[in-house]
Structures are given as structure tokens and as C-alpha cells.
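Me: I've got a model open and I'd like to learn how to read it. Can you walk me through a few features?

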Amino acid sequence: MIGKTAVVVDSAAYLPRSIIEKYRLLVAPLSVELDGEQYLEGVDITADEFYERLTSAKSVSTSQPAVGRFVALYRQAADGGAEQIVSIHIGSNISGTVQSAGLASGSSSIPVTVVDTGQASFAEGLCVLEGIEVLSEGKSPEIAATRVKAASKAVGNTFVVRALDLARRGGRLASGEDAPAGIPVLALTEEGMKVMGTATTVEDATDLMAGHVEEAARRAVDRRLRIGVGHGAAPESAAALRARIAQIEGVEDVIDYVVGPAVGAHTGVGTAGAVYLARPVVA
């Protein structure tokens, strides 16, 4: 809780445990289904367990938190002394989580501001961090929502996916996009995953991703980048990318994260990449 404001997020933001505990965030877990068996992300199954099972799974799917899950979290916030709630979530263009939160807000005993980040994974997490900082400055939920939405329009990403067949089956590639030969370097846009370049080796892919981040740092001019570097069962790739990014001028800080089941179900084993946001965010 931040002052008298409780912050509810979903598990797909992949925020570090230290941040969740510091701000007493309430987390609604998304669900993943493997071969007909359902698990709550981060509760019933860890990222490592998920990727280990994913390699042999015949079917995989995800679903948003149920309305009742949010009803319970909003009640928990009110019972804990909160006077208002800011509920910040994975994009409605990707998941039904915002819809569940919106339906639950109607039965809350305290006001709930539901915010659609339009993002997923730690791109969503960067948006949440902006909202948290606004609330920490003593500003209103409405101002926090405005900052989150501004961040959602400005956040960038670059990553590699070593299981494009999953992305294609899940409808995540942009219309008309085909997987090129080699290792495609991608970006998640409003239209889906778009191929931004192709590498022949993992090292080349790392250089391409770092180049995208460096270009973003140049465009930021007098601002600095907050960056998340993450992976799904590809720690070596993430470590190599982190090392390259650490050398880029204009980087404010780098936060490590792990891509969990809700997103990993669509990207597969072996994804790695970075998300970035120039700060301060220009509304």
C-alpha cells in the first residue's frame, strides 16, 4: 500500500519480489493450462517448472484471473485500511484481465481505478513502476493512471523467440509476418510481433538487440532509460544482453526479470530480450 492507496497488479508484469513487498502490491495470478491441467502463475507453478514441462506438452493455453479473484483482492485492500485502489494490468488487446478487474470494481466498497497498460511482461511492469512512483509522490490515482498510459505509449522492446511456432499458433505474429531464416529479432507492437532484423548467431542477435536499445537511448536526448532485461529459460542470453546494455550511455538502471508462464506460453522456451522506457515520461 502507498499511503492509503492499494495497488493491484497481475502476475504477467513480472515485477521483482522486492518491489512487490516494498509497496505491498496485491497480485492477481493469471492461469496457464498444460495438457488440460490448470496452474496459477507463480503460485502453483514456477517459471522453471513451466519451461521444463513445456518442452513435452501437447497443448498449452492461458487465461485471465477470474472476476472473483479481483473481488477478493479489492476486499483485502479495503479490509487492510486502503481508502482507494489503483488496479494496473496487462493490455486488454492481449488478455481479458482488464475486463475481469472492471467487473469486480463495481462490487468494491472503495473506489477502484482500473488502468489498461496495453502491454505485457515487463513492459507492463515498467508502466506499473511509473504509476507507483506517482502515488509515492502523494498524487491522485487519476494522475497515476495518466502517467501509466503515457508510459504505455512510450515503452519499447526488443527480443528473440526461439519457438516462433508457438507465437504463430497463438496469433501473436503480426498479420502477414513470416519467420525468416536465422534468428529473428522481434518487437511486440499493437499489431503483434514484428520482425525487426535477422541474425545468424546468438551473438549477432545480442548485438542487434543492444543496438535497438542504444538507438532508443540516443533518441531520449536529455532523458535516461530504465531497462528490464529478461528471459524464458535462457539465462545466458539475458546475461550477455545485460552486459552489452550496461555499456550504453544514457542507461538509468537495469532490472532483471524472468518471463513466466502467462507470456512464455506464447513465446516458448529460449526467449530473451529487453524492454525500455525513457524517463521522465512525457505525458
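Me: What is the order of the strands in the open sheet of three?

Reply: Keep in mind that this is a predicted model. To read a sheet, follow which strand pairs with which. Here the order is β4-β3-β5, with antiparallel pairing. Because β4 (37-40) and β5 (60-63) each have a single partner strand, they stand at the edges, and one side of each has no neighbour in the sheet. On average, neighbouring strands are turned by 25 degrees against each other, direction ignored.

Me: How many bridges join β3 and β5?

Reply: Four, with β3 covering residues 31-34. For one position across from β5, look at Val32, which stands opposite Thr62.

Me: Which helix lies across these strands?

Reply: That's α2 (residues 47-54), which lies across β3, β4 and β5 and runs at about 30 degrees to β3.

Me: Now helix α9: which of its residues are buried?

Reply: With a helix, find the buried residues, then ask where they sit around the axis. In α9 (residues 235-245) they are Ala238, Leu241 and Ile245. They cover an arc of only 65 degrees, so they sit on the same side of α9. Their cover includes α8 (202-220), β11 (224-232), β12 (251-258) and β13.

Me: And Arg279 in β13, is that buried or exposed?

Reply: Arg279 has 13% relative accessibility, so it counts as buried. For a buried charged side chain, check its polar partners. The Arg279 side chain makes polar contacts with the side chains of Glu130, at 2.6 Å, and Glu252, at 2.9 Å. Beyond four places in sequence, its contacts also include Glu133 and Arg223.

Key
Residues are numbered from 1 along each chain as its sequence is written. This is a predicted model: local features need pLDDT of at least 70, side-chain atom pairs count only at pLDDT 80 or more; totals for chains, interfaces and linings use all residues. Side-chain values use heavy atoms; hydrogens and water are left out. Buried means under 20% relative accessible area, exposed over 50%, partly exposed in between (1.4 Å probe, protein chains only). A polar contact is a pair of N or O atoms within 3.5 Å; within protein, one must be able to donate a hydrogen and the other to accept it, and residues adjacent in sequence count only if both atoms are side-chain atoms. Contact means heavy atoms within 4.5 Å. Helices (H or I, at least four residues) and strands (E, at least two) are DSSP runs, numbered from the N terminus. The arc is that of the directions from the helix axis to the C-beta atoms. Two strands pair if DSSP finds at least two bridges between them. Axes are lines fitted to C-alpha atoms, for helices over the stretch in contact, and angles run from 0 to 180 degrees between N-to-C directions.
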